[in-house]
Amino acid sequence: MTFRQLKYVIAIADSGSVNSAAKNLFISQPSLYVELALFWLGKDT
């Protein structure tokens, strides 16, 4: 797990959806889904 992945997971939890989190983080939704998948798989990027 990287700090970035943890930040993204917290942003998703705080905003309530991946779409809102992506907008708040200024990244694309697919990129956020990739980082979320890597987080759950326990892989660092």
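User: The expected span of a helix is 1.5 Å times one less than its number of residues. Taking H3 in this predicted model, what distance does the helix reach from its first C-alpha to its last?
Analyst: H3 has 13 residues. At 1.5 Å a residue, a span of 18 Å is expected. The distance H3 reaches from its first C-alpha to its last is close to that, at 18 Å.

User: How many helices and how many strands does the chain have?
Analyst: From the N terminus on, the elements run α-α-α. No strand interrupts that order, and the counts are three helices and zero strands.

User: In which helix is confidence lowest, and in which is it highest?
Analyst: Over the chain, the mean pLDDT is 93, and 98% of the residues reach 70 or more. Where pLDDT is low, the predicted coordinates should not be read in detail. Among the helices, the lowest mean is 93, in H3 (residues 29–41), and the highest is 97, in H2 (residues 18–25). The names asked for are H3 for lowest and H2 for highest.

User: Which residues of H1 are buried, and on how wide an arc do they fall?
Analyst: H1 covers residues 3–15, and its buried residues are Gln5, Tyr8, Val9, Ala11 and Ile12. Seen down the axis of H1, these residues line one face, because they fall within an arc of 160 degrees.

User: Which residues are exposed on the other side of H1?
Analyst: The buried residues of H1 have a cover that includes H2 and H3. On the other side of the helix, the exposed residues are Phe3, Ala13 and Asp14.

User: Within what arc do the buried residues of H3 fall?
Analyst: The buried residues of H3 are Leu32, Glu35, Leu36, Leu38 and Phe39. What covers them includes H1 and H2. The face turned away from them carries the exposed residues Pro30, Trp40 and Leu41. Down the axis of H3, the buried residues line one face of the helix, since they fall within an arc of 165 degrees.

User: Which element gives the largest share of the largest nonpolar core?
Analyst: This core has 10 residues in all: Tyr8, Val9, Ala11, Ile12, Val18, Ala21, Ala22, Leu32, Leu36 and Phe39. The elements that give two or more residues to the core are H1, H2 and H3. Four residues, the largest share, come from H1.

User: Leaving aside neighbours within four places in sequence, which residues are in contact with Ile12?
Analyst: Ile12 is one of the buried residues of H1 and belongs to the largest nonpolar core. Its contacts, with heavy atoms within 4.5 Å and neighbours within four places left aside, are Ser17, Val18, Ala21, Leu32 and Leu36.

User: Which residues form the aromatic pair?
Analyst: One aromatic pair is found in a search of the whole structure. Its rings lie 5.3 Å apart, centre to centre, with 75 degrees between the planes, which is edge-to-face. The residues are Phe39 and Trp40.

User: Is Phe39 buried or exposed, and what of Trp40?
Analyst: The cut-offs are under 20% relative accessible area for buried and over 50% for exposed. Phe39 is at 17%, whereas Trp40 is at 65%. Phe39 is therefore buried, and Trp40 is exposed.

User: With neighbours within four places in sequence left aside, which residues are in contact with Phe39?
Analyst: Phe39 lies in helix H3. Val18, another member of the largest nonpolar core, is 21 residues from Phe39 in sequence and 14 Å away in space, C-alpha to C-alpha. With the neighbours within four places left aside, the residues in contact with Phe39 are Met1, Gln5 and Val9.

User: Which residue other than glycine has a positive phi near 60 degrees?
Analyst: Most residues other than glycine have a negative phi. Gly16, just after H1, takes a positive phi of about 90 degrees, and Gly42, just after H3, takes one of about 80 degrees. In the loop between H2 and H3 sits an exposed residue with a relative accessible area of 74%. That residue, with a positive phi near 60 degrees, is Phe26.

User: What percentage of the residues of the chain count as buried?
Analyst: The C-alpha trace spans about 25 × 20 × 15 Å along its principal axes. With buried taken as under 20% relative accessible area, the share of the 45 residues that count as buried is 31%.

Notes
Residues are numbered from 1 along each chain as its sequence is written. This is a predicted model: local features need pLDDT of at least 70, side-chain atom pairs count only at pLDDT 80 or more; totals for chains, interfaces and linings use all residues. Side-chain values use heavy atoms; hydrogens and water are left out. pLDDT is the predictor's confidence in each residue, from 0 to 100. Buried means under 20% relative accessible area, exposed over 50%, partly exposed in between (1.4 Å probe, protein chains only). The arc is that of the directions from the helix axis to the C-beta atoms. Rings of Phe, Tyr and Trp (its six-membered ring) pair if their centres lie within 6.5 Å; planes under 30 degrees apart count as stacked, over 60 as edge-to-face and the rest as tilted. A nonpolar core is a set of buried Ala, Val, Leu, Ile, Met, Phe, Trp, Tyr and Cys residues joined through side-chain atoms within 4.5 Å.
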